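Thanks for passing this one along. Here are my comments as numbered points, starting with a single residue and working outwards.

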Amino acid sequence: MKKIYLLALTVFAVLTGSAQYKYNPASLGRQPMRGESVVQPAQLPANRETIYTNDFSTCSDWTTVNAFDAGYPAYITGINFVCGTDGPAGAASIDPIESATAANGFMMVDSDEFGGTTGGDWVENCWFQNTVGINCALAAHVSLKFDTFYRMWDGGADDGNEYCLVEVSTDGINWPDVNTFEVSEAPAGTRFELWPTMATQDPVLNPTLKIFDISEVAAGEATVFLRFRWKGTFGYAWMIDDLELFVTPENDVTINKGYNGDIVNDFEYYVTPVSQLADISFGASITNYGFTDQSNVPITFSIAGGPTVTETIASLPINTTDSIWTAPFAIPNTVGAYNYSVSVPSDDFIVGDTFNSSYEISQYDYGHATNECLIQRTFNDDAPVGMGNLYAMNANDVAYSVKVWFGASTDLNIVVQAIVWQLTGTSIQDNPTFVGQSDEWALTTDMIDNGYYNFAVYNENVDGPIDLIAGETYMVEIRKIDDSSDRMYVRADQYDDDLGTIGWGPFGAGNAINFFNGWSFTPAVRLSLDPASGVGEDSTVDGLTLGQNIPNPAAGNTKITYSVQTPSIVQFVVRDISGRIVKSENLDARSSGQHSITLNTDELGSGVYSYTLVANGTQITKKMVVR
């Protein structure tokens, strides 16, 4: 089955070839804020003038048609339509639409189910349309909005054979030609393409709100008919819900989303450690949903603890989306959460005139994903697979651990390992340099869906934490290292705005194993620069050496190594954060050389502890965290 193992065939990163560089998405040749991937506003204002609504709780006034059955023999018949609550059912089925009223039904074309497990070379051309005309006679301007979800397969080769089209008719009989698919091939205002620049596997928000101004054909008409037409060969699925026609406002500039980072030329981090702070740009995606072209639109960015900056979009025609960025400036360097807002002048629809969000400055955490991580993601492969994020270093630092938030669906006892790579070639697939890893761990109940879990990472060559170099970029992943059918799920945000997500596994043509990026989610895989969370450097005083406990934070057993230069009487003491002794053990005489202690932390409460080793009058103390 071709689509299961090719889920990662998106654009992979192309890096500059200099000896030292910071990876950035601009090197992909990305267009800023690709229209098909823009996050649309979550809702329209309640005071809009509605003409027609349909939440597909019933489909009595809709019909489904295969072009073959309508007299077009070049196309195949029998394509699977669903009007109801059943989601995609094919061998490579995508998620069902997550619209507000999905529980009472939605409309779907399920190409994957029709194609079975192997598909074919036929051409699918089919549609669903309303059978009762919608009365728009009193509206001088008409807009169509609906929620949708779709994933493009396009033969896996971006060959341009898939189309999701909306077509408009005033009599339900005279439509744009079924044998053409481009907007330019239909009479003006009768055809709209949902994703004209989409490529294979480009991410799409679930659901995505689409809005089209159909006034050119529909305004003032007593009967308006809509046709949602799919054309392709063995694709995934296309779903529609919560359709509405409403009177288009004259002035409606809407902020789709704001960004605390230039996602075109750099990365956006939700949480940044103090040591890696640098001047950043704030940005926003803006759409004109009104029926009047806008010019000199002021976009105001208000940053808590920082400046208020206004940038101007010179021209924003109707039905267009643009992006804008501030010049880089310094942000607060004090640990805490910071709010920021983006606003446009009040217009006919005040909803969407302001966007509010936040980011964090931490002491040690570096992460792309927010603290919400409402979804969980996995790779359906009976093979080792990994997922994680890219991190660019603004200053020299040290990685002590990788923090992962596993999803609730994760299978117990699968073996995982955190791995850190340095990008040194011309792409993420060009022999990245291995720089460190964690021990291998079988996942236990306390590790799953219980917030972030730390995996101490170390550089085997120096038997200590991993040095990170300013100006370099690192891939940080959590990998399921066995080939079982069990699954590793990782909590994630729903969208990857900056192409900072990486995946590793057999996702290439012919099951080729490599790294890929550009996934439609941001996994909760963070880099920790906290000395108390990792292996840490061994401490040596007067011939006594004490290592960091592994793993740290600990749950259950944790291992502590130490060595003595000469035969010694050794004592081991654990204290809580107040200094109270909670465990003390005389280890008696120890020969010269390396030894280890296995400490069962189940008898300790969660918190920060210190442990001390005493030998021949010398003592060394280190910290550990117990979950």
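1. Let me begin with Asn288. Once its neighbours within four places in sequence are set aside, Asn288 is in contact with Asp252, Asp293, Gln294, Leu316, Pro317, Ile318, Asn319 and Thr320. Please keep in mind that this is a predicted model. Asn288 belongs to strand E14, and with a relative accessibility of 0% it counts as buried. A polar atom of the Asn288 side chain lies 3.0 Å from the backbone oxygen of Thr292. As for Gly336, which is 48 residues from Asn288 along the chain, the C-alpha atoms of the two are separated by 35 Å.

2. A second side chain to backbone pair is worth a look. Thr501 sits in strand E32, which covers residues 501-505. With a relative accessible area of 0%, Thr501 is buried. Its side chain reaches the backbone oxygen of Phe521 at 2.8 Å.

3. Now to the aromatic residues. How many aromatic pairs does the structure hold? The count is 31. One of them joins Phe282 and Tyr340: the ring centres are 5.2 Å apart and the planes stand at 65°, so this pair is edge-to-face. The cut-off behind that label is an angle over 60 degrees. The pair links distant parts of the chain, since Phe282 lies in strand E14 (residues 282-288) and Tyr340 in strand E18 (residues 336-343), 58 residues apart. Phe282 is buried at a relative accessible area of 0%, and Tyr340 counts as buried at 3% relative accessibility.

4. Strand E18 also supplies a ring to another pair, Tyr338 with Tyr359. Here the centres are 5.8 Å apart and the planes are at 20°, so the pair is stacked; planes under 30 degrees apart earn that name. Tyr359 is in strand E19 (residues 354-362), 21 residues from Tyr338, and this pair too links distant parts of the chain. Both Tyr338 and Tyr359 are buried.

5. You may like to colour the following group together in your viewer. One aromatic cluster is formed by Phe56, Trp62, Phe128, Phe146, Phe192, Phe212, Phe228 and Trp238. Phe56 deserves a second look on account of its backbone: its phi is near 60°, a positive value in a residue other than glycine. Phe56 is placed in the loop between strand E1 (50-54) and strand E2 (62-66). Is this residue buried or exposed? At 1% relative accessibility, Phe56 counts as buried.

6. Asp588 makes a useful companion to that case. Phi of Asp588 is likewise near 60°, again positive in a residue other than glycine. Asp588, however, is found in strand E40 (residues 581-590), and at 51% relative accessibility it counts as exposed. The cut-off for exposed is over 50%.

7. One peptide bond should be checked by eye. The bond from Asn206 to Pro207 is cis, with omega near -5°. Where is Pro207 placed? Its place is in the loop between strand E8 (191-193) and strand E9 (208-213).

8. Two arginines lie over tryptophan rings. Arg227 is over the face of Trp127, 4.8 Å from the ring centre. Arg479 is over the face of Trp504, at 3.3 Å from the ring centre. Trp504 can be viewed together with Thr501 from point 2, given that strand E32 covers residues 501-505.

9. Finally, the whole chain. The protein has two helices and 43 strands. Its C-alpha trace spans about 95 × 55 × 45 Å along the principal axes. For 627 residues a compact globule would have a radius of gyration near 25 Å, and the protein has 28 Å, which agrees. Of the 627 residues, 57% are buried. The exposed area is about 24000 Å², with carbon and sulfur atoms supplying 47% of it.

10. A last word on how the chain comes together. Taking contacts between residues at least 6 apart in sequence, 76% join residues at least 24 apart. The Phe282 and Tyr340 pair, at 58 residues apart, is one example of a link between distant parts of the chain.

Definitions and conventions: Residues are numbered from 1 along each chain as its sequence is written. This is a predicted model: local features need pLDDT of at least 70, side-chain atom pairs count only at pLDDT 80 or more; totals for chains, interfaces and linings use all residues. Side-chain values use heavy atoms; hydrogens and water are left out. Rings of Phe, Tyr and Trp (its six-membered ring) pair if their centres lie within 6.5 Å; planes under 30 degrees apart count as stacked, over 60 as edge-to-face and the rest as tilted. Helices (H or I, at least four residues) and strands (E, at least two) are DSSP runs, numbered from the N terminus. Buried means under 20% relative accessible area, exposed over 50%, partly exposed in between (1.4 Å probe, protein chains only). A charge sits over a ring if NZ of Lys or CZ of Arg is within 6 Å of the ring centre and within 35 degrees of the ring normal. Contact means heavy atoms within 4.5 Å. A polar contact is a pair of N or O atoms within 3.5 Å; within protein, one must be able to donate a hydrogen and the other to accept it, and residues adjacent in sequence count only if both atoms are side-chain atoms. The radius of gyration is taken over C-alpha atoms; the globule rule is 2.2 Å times the number of residues to the power 0.38. Accessible areas come from the Shrake-Rupley method with a 1.4 Å probe; for residues, only the protein chains shown count as cover.
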